[in-house]
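User: I am new to reading structures, and I would like to understand where the words used for them come from. Could you show me one and set each value beside its definition?

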Amino acid sequence: MGIEIDTGVEKFLWEYGVSVQTGELPLQPTTRLDAVFVTHAHLDHSAMLPHLYRIGYRGSVYGDPATFGFTSILYRDYLKLQKRFGFPLNFLIEDVKRMERNIRFLRPGESEDFTASTIRFHNAGHIPGSVMIELETHGKHILFTGDVKFIDTRLMTGAVKKFENIDVIISESTYHYTNHPDRKGLEREFRKVVCETIENGGICLIPAFAVGRTQELLLMLEDLDYPIYLDGMGIHATESVLRHPKSIRDHKKLQRAFSKAHKIRRSVERERILKKPSVIITTAGMLNGGPVVYYMERLHDREDSSIVLTGYQVEGTAGRTLLDTGRFVVNDMDIKPKMKIFFFDFSAHTDRNHLLEFYNKVCPEKILLIHGEKTDEFAKELKNMGFDAYAPSNGETFKLI
Ligand SMILES: [Zn+2]
Ligand SMILES: [Zn+2]
């Protein structure tokens with residue numbers, strides 16, 4: 001995803017990532033940009049930033065320090081995977097380094113002035129480092145939500161909701177069609193599944209995204225008296241979050257939870273931990289690769305054990321196939337696990353009611369809907385509620401103010 005903004009004086013680019021659903025690359029922007037801004041480290045928002053430097057951009061890229069802590073890990077991991085699997089290459093390590101030399105930190109509550117405009121960041125409550133971008137230009141205010149969550153979670157303080165004078169909202173709309181179940185109730189059920197598995201003598205395998213979800217899970221399980229193992233990229237991601245204490249709600253609590261968890265630093269240690277009941281939090285969150293594949297190979301036959309998916313599973317991933325068909329299909333493996341399969345959606349995105357509440361509170365002149373499916377249907381609904389709403393398609397250009 002990427003949004004090119006032309007104020008008449010400056011040209012900005014907000015985000016530059018790949019589609020998580022299709023792997024589709026974004027359109028190429030002009031390289032005559034005055035500045036680039038990134039809302040957070042998830043790959044649909046950040047994966048292509050080094051590519052800008054490959055095609056000749058030499059200006060600054062602004063983001064929260066925690067965001068760049070994550071991207072430093074993610075880009076290097078991407079390059080390692082690229083070497084192993086040989087998929088098309090969008091950038092080289094020198095592009096990553098060139099980008100990193102041009103990083104400018106901007107934190108929530110801070111702003112940067114340009115000739116005809118000011119850019120201000122606000123907390124977005126989605127993952128550590130996530131921000132909303134406000135642009136003030138020619139007396140008008142445009143707010144881009146990035147990915148946003150308005151309620152507090154264990155890890156994050158909810159997004160800023162109070163704005164004055166916003167004329168246009170460019171809004172994510174991932175869950176415009178539904179509301180999330182009560183979070184506290186969901187956490188209780190989740191903890192029950194974990195405890196029951198271990199009391200049964202089994203292993204509770206929890207695949208999780210390294211960035212955000214792994215830390216949230218550590219906090220949810222912090223007070224349980226069971227061995228918790230952490231394997232894969234979630235270890236480095238958590239260390240990175242801890243280096244940015246202001247990016248989360250309770251740094252000390254995460255520090256405590258992280259010290260309590262046993263880290264698997266070498267693959268030979270994996271065999272040993274399967275001998276006793278425990279919780280294993282590991283990557284990849286959608287089961288497409290990483291250490292979770294090893295654990296599935298070893299645990300799938302055990303009826304006393306369980307696999308607990310904790311995030312949205314994109315169509316075409318092994319995680320989605322497991323939920324839809326009960327089969328684990330990855331590489332040349334196709335098995336029907338005997339272990340129990342659970343799904344809890346601890347979403348880091350806002351749901352429908354909170355989106356509507358936000359629009360009603362901010363009361364913009366116009367709402368543009370992106371980052372969701374069937375956004376045109378939601379635009380129609382919003383129109384019926386009295387908003388001027390529109391769902392632009394990829395590559396479309398129009399006048400915002
Ligand atoms: Zn995100
Ligand atoms: Zn996203």
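Analyst: Contact means that heavy atoms lie within 4.5 Å of each other. By that rule, 24 residues of domain 1 are in contact with 21 residues of domain 2. This is a predicted model, in which local features need pLDDT of at least 70 and side-chain atom pairs count only at pLDDT 80 or more, while totals for chains, interfaces and linings use all residues. Residues are numbered from 1 along each chain as its sequence is written, chains are lettered from A and ligands numbered from 1 in the order in which they are written, and side-chain values use heavy atoms, with hydrogens and water left out.

User: What makes domain 1 and domain 2 separate parts of the protein chain, and how much area do they bury between them?

Analyst: The bounds come from an automatic or database domain assignment, which gives 3–178 + 348–390 for domain 1 and 183–343 for domain 2. Their C-alpha centres lie 28 Å apart. The two domains bury about 2100 Å² between them, 64% of it on carbon and sulfur atoms; buried area here is the accessible area (1.4 Å probe) that two parts lose on being put together, summed over both.

User: Which atoms coordinate the zinc ion (ligand 1), and why is its site called irregular?

Analyst: Donors are N, O and S atoms within 2.8 Å of the metal (3.2 Å for Na, K and Ca), and since water is not among the atoms, sites may look incomplete. His 40 (NE2), His 42 (ND1), His 126 (NE2) and Asp 147 (OD) coordinate the zinc ion (ligand 1) at 2.2 to 2.3 Å, and therefore count as donors. Four donors are tetrahedral if all angles lie between 85 and 135 degrees; four are square planar and six octahedral if opposite donors are over 155 degrees apart and all others between 65 and 115; anything else is irregular. The angles at this zinc ion run from 91 to 163°, so the tetrahedral rule fails at the upper end, and the site is classed as irregular. Along the sequence, its donor residues are spaced H-x1-H-x83-H-x20-D. His 126 lies in the loop between β7 (117–123) and β8 (131–137) and Asp 147 in the loop between β9 (140–144) and β10 (168–172), so this pair ties together parts that are 21 residues apart in sequence. Helices (H or I, at least four residues) and strands (E, at least two) are DSSP runs, numbered from the N terminus.

User: Which residues coordinate the zinc ion (ligand 2), and what makes Asp 147 a bridge?

Analyst: The zinc ion (ligand 2) is coordinated by Asp 44 (OD), His 45 (NE2), Asp 147 (OD) and His 371 (NE2), at 2.1 to 2.2 Å. Asp 147 coordinates both zinc ions, which are 3.5 Å apart. The site of ligand 2 is irregular too, with angles of 85 to 167° among its four donor atoms.

User: How do you know whether Asp 44, His 45 and His 371 are buried or exposed?

Analyst: Buried means under 20% relative accessible area, exposed over 50%, and partly exposed in between (1.4 Å probe, protein chains only). Asp 44, at 13%, is therefore buried, and His 45, at 0%, is buried as well. His 371, at 22%, counts as partly exposed; this residue sits in the loop between β19 and α13, and has a positive phi of about 55° although it is not a glycine.

User: Why can the buried residues of α12 be said to share a side of the helix?

Analyst: In helix α12 (residues 352–362), Arg 352, Leu 355, Leu 356, Phe 358, Tyr 359 and Val 362 are buried. They cover an arc of only 160° around the axis, which puts them on the same side of α12, the arc being that of the directions from the helix axis to the C-beta atoms. Asn 360 and Lys 361, on the other side, are exposed. The buried residues pack against β9, β10, β19 (366–370) and α13 (375–384).

User: What makes Gly 316 exposed, and where is it found?

Analyst: Gly 316 has a relative accessible area of 72%, so it counts as exposed, and it is found in the loop between β15 (306–309) and α11 (318–325).
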